[in-house]
Amino acid sequence: RLGEGPVLTSSLYEPFLVIDGFVRQYNGLFHMWYIFEQKWKSYCEGMEPDRVYKIGHAVSTDGIEWKREGKAIIRDRIEDESQALPSVVYYNGLYHMFFCWRYSYDFRNNPKRGYRLGYARSYDLKFWERADEELNFECSLEGWDNEMLCYPNVFVMNQKVYMLYNGNQFGKTGFGVAELEEI
């Protein structure tokens, strides 16, 4: 432990929550993808505001001092989308990011607004093209992952790409592993 405070915390452009760092080393630099809270918003009168969070990116030469981009790096699929837990692998000449996304309100009780898996790809780790449709990974018709898919962790083993992910109720009912056939 280097000190009493965090290595990465809120800033001028990311003034609220900063969490869930995922670090990989590529091309001699440490890359961190993380979640930052963008804003609080009340969606219905009389209800507590909900937070909206996005995926950010920072680089470091030593893993201690980080330079952030200070902006969301993945485009939204829906208005006020919340994005979480990015996981990145390099495979077949591209960087592949897997993450989860959801509506920013009414997601706890409405399965249609809960987490789903998202996908983006990049040639340079700076510009990400979102392509969820290419992931082709949806909730099951029944079972432990029929309402929610969240918190992916992707890795390469024996020249194959695998993804661990949580199911319903943020993983309370189980987690699974999937072999990605094509990306």
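Reader: Which residue in β3 does E37 stand opposite?

Author: This is a predicted model, with residues numbered from 1 along each chain as its sequence is written, and side-chain values use heavy atoms, without hydrogens and water. Local features need pLDDT of at least 70 and side-chain atom pairs 80 or more, while totals for chains, interfaces and linings use all residues. Strand β2 (residues 29-41) runs antiparallel to β3, and eleven bridges join the two. In β3, the residue opposite E37 is Y53.

Reader: Which strands stand at the edges of the open sheet?

Author: Four strands (DSSP runs of E, at least two residues, numbered from the N terminus) form the sheet in the order β1-β2-β3-β4, with antiparallel pairing (at least two DSSP bridges between two strands). Each edge strand has a single partner, so one side of it is left without a neighbour in the sheet. These edge strands are β1 (18-26) and β4.

Reader: Which strand gives the most to the largest nonpolar core?

Author: This core (buried Ala, Val, Leu, Ile, Met, Phe, Trp, Tyr and Cys joined through side-chain atoms within 4.5 Å; buried is under 20% relative accessible area with a 1.4 Å probe, protein chains only) has 38 residues. Those touching the most other members include W33, M97 and W128. Six residues come from the top contributor, strand β6 (residues 94-102).

Reader: What is the relative accessibility of I64?

Author: I64 sits in the loop between β3 (50-60) and β4 (67-68). I64 counts as partly exposed (between 20% and 50%) because its relative accessibility is 36%.
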